[in-house]
Amino acid sequence: MISAGIDIGSITAKCVILQDHKILAYRILKVKPDLEESAKEIFEETLKLSGLKREEIDRIVATGYGRARVDFADKKITEITCHAIGATFLIPEARTVIDIGGQDSKVIAVENGKVLDFVMNDKCAAGTGRFIEVMANALGLKIEQVGELALKAKEKLKISSTCTVFAESEVVSYISAGRKVEEIIAGVCDAIAGRLMAMVARVGVRREVVLTGGVAKNMGVRRAIEEKLGFQVIVPEEPQIVGALGAAVLGTK
Amino acid sequence: MEKFFKFSKFFEVVKVGYLCNYTPKEIIHSAGFLPFRVFATDKPIERASAFIQSYSCSQARGALECALQDDFFAFVFTRSCDTLMRLTDIFEFVGKRVHNIEFPTKIGNVEYYVKELKDFVKVLESWGGEVSFERLMESLKLYRELEEKLKKLFSISPDYETAIKVQQIDVRSAIKLVDEKLKFAKKEEKPKVLITGSVCPYIKVYDLFKEAGFSLKDDICTGSRFFEFSYPEFEPKDLESALRYIAEKYFYRAPCPTKHYPGDGRFNYVLKLAEDCDAVVFLLVKFCEPHFFDYPQLKEKLEKMGKKVALIELEFPVVSLEQIRTRIEALKEVIE
């Protein structure tokens, strides 16, 4: 059985092709305003990487906020279920999944591959990838530099505003005060972790905790989360494809 | 004021706006006015922001926006949440004709509330209306007919568009509308979700539940809390006893968290409703304190019953429908 999982997120489109519990290929692309076109493009490119033909794919499952736009999918499943399934597929001991995406973040309680409970932040950019993007822009940094730079900081500055716009003002104010960029960005990572902890508290935290989504690649955020939790979290090798992987796994069932 | 009333072509078009479900619509109707429930609309909240803080709920802000732009003769408030109480002051401040009925917070003292209703009758008369025993009984009869028919419709297939529409048209037209809907209503066997919360005048939100494959049951101020009443058993003989009938009818209606009911009445009501449901969704308007205060305890009790519980926060006008869809679909996947 060969299945494809397509995750159309707010910033990136991801696709995973899976055969008998083995990942054959995956791809991540920037999403375009035309979500249908993005879905076709990511699927075709992943297909090319796998060396398979369209007719060899038995099932396609779409997820992510753009799932409804993937007309050629056999099934559409929410990213909440897909992240839970994908994380459990990679780390069977996973009991809590923290997914930090570009537009929203979620905390999911899982057991035996089933979602027990979830909370989702989608009303504001605080605690999402967009928050880091805005702050990185204000500091003139590339998004890839943020995590590494944050780890170099000896001190974390406090970003107290929940609102991204006001938090950006705080960052600008720290720049004007001549504070070090790494200290500011470490504060930004800490602020994201702080927002997530409120959601974690609502669901309840059980180990192992798996961090997924694009922001999981950011070492600064990861460290800040671990500091607040008091233990290490598990980050899959490619955390950004966990939702698409979960969709592909569900496609095999 | 009287001039305005006399020169109106039809009684029905003299709109008296109200926001709270505890408002005795029957008295307003019997006086010759059209009781018109005011909701937040699809329009962005602009002018109202000059008079009300952004931390007030969007139903209050949206209603003020509506009041500033629409043609109402007067507004009737009943004591419920703090925000509505302050909204009374704001409506007066912006020059609206307003009457506030002091509906008791602690349910029980009928005598007091009958006096309050007598004062309300005088106010309606001062506005040019005319309340007689016969007319009040006719209005009571019409609203009861509407309520019974809505109960029947919702027991077959909840229709929130109709439930909202009937709150903004004359009761006779409302009965005809529900009669029409009853002709085509069909029961569906699907996983059932109880939605509980304050107001939700956005039909698309209910559609999302249906599209996800849920059938609905509700404890919503714009849904069944509009028509769920326990009617007094006595037959009114005069105007005073008709007012007593209304007082008791509204005391023993579907409970709302702004009131104190003896013996945990509100919680027991919601828990009872949840019994035959597969999941419960708290559909709460941001900053709706009475509902949010109850949420943690009620959630805990529902979870003890083995119900899956989700919280969806609303802000009017609702714009992030797809995010709400994800939550609802995820809940469906969880219970499957």
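**Close-up 1. Strand β7(A) and its two partners.** In this predicted model, five of the seven residues of β7(A) are buried, so the strand is largely enclosed by the rest of the structure. Strand β6 (residues 96–100) of chain A runs antiparallel to β7(A), and five bridges join the two. I100(A) is paired here with S105(A) as its bridge partner in β7(A). Getting from β6(A) to β7(A) takes a hairpin of four residues. β8(A) also pairs with β7(A) in the antiparallel sense, this time over seven bridges. Look for K106(A), which stands opposite M120(A) in β8(A). As general background, strands of a sheet pair through backbone hydrogen bonds, either parallel or antiparallel.

**Close-up 2. The turn at N112(A).** Zoom in on the hairpin formed by β7(A) and β8(A), which has two residues between the strands. N112(A) lies in this loop, between β7 (105–111) and β8 (114–121) of chain A. What is the phi of N112(A) near? Phi is near 50°, a positive value in a residue other than glycine. Is N112(A) buried or exposed? With 7 C-beta neighbours inside 10 Å, N112(A) counts as exposed.

**Close-up 3. Another positive phi, at F287(B).** Over in chain B, F287(B) is not a glycine, yet has a positive phi of about 75°. You'll find F287(B) in the loop between β7 (279–285) and α12 (289–304) of chain B. F287(B) has 19 other C-beta atoms within 10 Å and is partly exposed; the cut-off for buried is 20 or more. For context, most residues other than glycine have a negative phi, and most peptide bonds are trans.

**Close-up 4. Two cis peptide bonds, one in each of two loops.** In chain A, the peptide bond from R207(A) to E208(A) is cis, with omega near 0°. E208(A) is in the loop between α6 and β9 (209–212) of chain A. In chain B, a cis peptide bond joins F316(B) and P317(B), and omega is about -5°. P317(B) sits in the loop between β8 (308–314) and α13 of chain B.

**Close-up 5. A five-stranded open sheet in chain A.** The strands come in the order β3-β2-β1-β4-β5 (chain A), and their pairing is mixed. β3 (22–30) and β5 (75–76) of chain A stand at the edges with a single partner strand each, so one side of each has no neighbour in the sheet. Further in, strand β1 (residues 2–8) and strand β4 (residues 59–63) of chain A run parallel and are joined by five bridges. On that stretch, A4(A) stands opposite I60(A) in β4(A). Helix α1 (residues 35–50) of chain A lies across β1, β2 (12–19) and β3 of chain A, running at about 140° to β3(A).

**Close-up 6. Where the two domains of chain A touch.** The domain assignment splits chain A into domain 1 (1–91 + 240–253) and domain 2 (93–235). Taken over C-alpha atoms, the centres of domain 1 and domain 2 of chain A are 25 Å apart. Their contact takes 15 residues from domain 1 of chain A and 21 residues from domain 2 of chain A. On the domain 1 side, helix α2 (residues 79–90) of chain A gives the largest share, seven residues. That side, where domain 1 of chain A touches domain 2, has eight nonpolar, seven polar and no charged residues.

**Close-up 7. The largest nonpolar core.** Which residues touch the most other members of this core? Of its 176 residues, they are I6(A), I185(A), I192(A), A248(A), V16(B) and V193(B). Helix α6 (residues 181–203) of chain A gives the most to the core, with nine residues. Both domain 1 and domain 2 of chain A contribute at least three residues each. Leaving out residues up to four places away in sequence, V16(B) touches I28(B), F33(B), L34(B), P35(B), F36(B), F73(B), A74(B), F75(B) and V76(B).

**Close-up 8. Where chain B meets chain A.** The contact takes ten residues from chain B and twelve residues from chain A. Which helix gives the largest share of the chain B side? Helix α13 (residues 321–335) of chain B does, with eight residues. By class, the side of chain B that touches chain A has five charged, three polar and two nonpolar residues.

Key. Residues numbered from 1 in each chain as written. Chains lettered and ligands numbered in written order. Predicted model: local features only at pLDDT ≥ 70, side-chain atom pairs only at ≥ 80, totals over all residues. Contact = placed C-beta atoms within 7 Å. Nonpolar A, V, L, I, M, F, W, Y, C, P; charged D, E, K, R; others polar. Pairing = 2+ DSSP bridges. Axes fitted to C-alpha atoms, helices over the stretch in contact; angles between N-to-C directions. Core = buried A, V, L, I, M, F, W, Y, C linked by C-beta atoms within 7 Å. Buried ≥ 20, exposed ≤ 12 C-beta atoms within 10 Å, placed from the backbone. Domains from an automatic or database assignment.
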